[in-house]
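Trainee: I should like a close look at the charged side chains and how they pair. Please set the pairs in their surroundings as you go.

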Amino acid sequence: MNEIELWAFDHILLFLLGVVLPLFAVFQSQPDMEGVTFDTTMKKQIYYGNGLFQWICVGLIVLLWWTSDRNFGDLGLQLGKWSTLGFTLLGLTVGLYLLDVFSEFRNREKLAEAKKDWLEKVPILPTTEEEFRHFLFVAFTAGVCEEIIFRGFFVQYFLAINENNLMGNVLSVLIPAFLFACGHLYQGHKAVAKTMTMAILFGWIFILTESLLLLMLVHFLVDVFSGYLAFRLLRT
């Protein structure tokens, strides 16, 4: 993977996207959700408001890449290369997700526990067919934007400031994964651990394959499936 030359705007974006946003998610998003019942209109506003903000962030990254005359392939927007280890890790990621789903929903007691947890910690999940249709925009946005931000941009940023060796690669995967997981603290520590595990695997896959395209697809499908499970379990 080609190492990029960092500009001042890289540091500004890293601070905004990697520090300010996770802190906002931790200290603002969760208090706003406590004790609030979200109707369809409110959920749609959150879906499209947050989605628009993520696309604006990606737009800033794309603008930075364009003005600095960088190869968009270095951002992961390319077919990439074959990596047996990379595709093995991708299969492992999908397998772990399906195993977790089976573990969480294997009996009525687990189903009731998951439902209670979702209602308390993630009350913006879809509960009607209409909400699920709009949730597809959330899944698509997350699949594309979060991969560009937290894998493409963040991993490349930390690769540029770390040594080009194993330890440098490890830090370049772990730091973005930690920042990504921090943005999910409102979902509880269990969700944070799962999110960080996925982010670490995705970071390594990106470094090995130099592409985000399959990661975007898997991320999108995981979010769609998770939203569908929530809709089926919580539907009103």
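Mentor: The account below begins with the salt bridges and then turns to the cysteines, a surface patch and the start of the chain.

The model is a predicted one, in which local features require pLDDT of at least 70 and side-chain atom pairs count only at pLDDT 80 or more, while totals for chains, interfaces and linings use all residues. Residues are numbered from 1 along each chain as its sequence is written, and side-chain values use heavy atoms, with hydrogens and water left out.

A salt bridge is counted when a side-chain nitrogen of Lys or Arg lies within 4 Å of a carboxyl oxygen of Asp or Glu. This rule gives 11 salt bridges. One of them joins the side chains of Asp10 and Arg70, with 2.6 Å from N to O. The two partners belong to distant parts of the chain, 60 residues apart: Asp10 is in helix H1, and Arg70 is in the loop between helix H2 (40-67) and helix H3 (84-104). Helices here are DSSP runs of H or I with at least four residues, numbered from the N terminus. Both Asp10 and Arg70 are buried; buried means under 20% relative accessible area, exposed means over 50%, and partly exposed lies in between (1.4 Å probe, protein chains only).

Another salt bridge pairs Lys194 with Glu104, whose closest N and O atoms are 3.2 Å apart. Here too distant parts of the chain are linked, since Lys194 is in helix H7 (residues 189-209) and Glu104 is in helix H3, 90 residues apart. Lys194 counts as partly exposed at 33% relative accessibility, whereas Glu104, at 14%, counts as buried. Both residues also belong to a network of salt bridges that links Asp100, Glu104, Lys190 and Lys194.

The salt bridge between the side chains of Glu129 and Arg133 has an N to O distance of 3.9 Å. Glu129 and Arg133 are separated by about one helical turn, because they are 4 residues apart in helix H5 (residues 129-161). Glu129 is exposed, at 53% relative accessibility.

Turning to the cysteines, the structure holds 0 disulfides, a disulfide being a pair of cysteine sulfur atoms within 2.5 Å. Why is the sulfur of Cys57 not bonded to that of Cys145? The closest cysteine sulfur to that of Cys57 is in Cys145, and at 8.2 Å it is too far for a bond. Cys57 is buried, with a relative accessible area of 5%, and Cys145 is buried at 0%.

Nonpolar side chains also deserve mention. Ile12, Phe15, Leu16, Val19, Val20 and Leu23 make a nonpolar surface patch of about 490 Å². Patches consist of residues with over 30% relative accessible area and no salt bridge, with like charges joined within 9 Å and nonpolar side chains (Val, Leu, Ile, Met, Phe, Trp, Tyr) within 5 Å. Leu16 is found in helix H1 and is partly exposed, with a relative accessible area of 40%.

Finally, Glu3 is placed in the segment before helix H1 (8-33) and is exposed, with a relative accessible area of 53%. Glu3 and Phe158 are 155 residues apart in sequence, and their C-alpha atoms are 9.8 Å apart in space. Beyond its neighbours within four places in sequence, Glu3 is in contact with Leu159 and Ala160, where contact means heavy atoms within 4.5 Å.

Terms used. Helix = DSSP H or I, 4+ residues; strand = E, 2+ residues; numbered from the N terminus. Areas by Shrake-Rupley, 256 points an atom, 1.4 Å probe, with all protein chains shown as cover.
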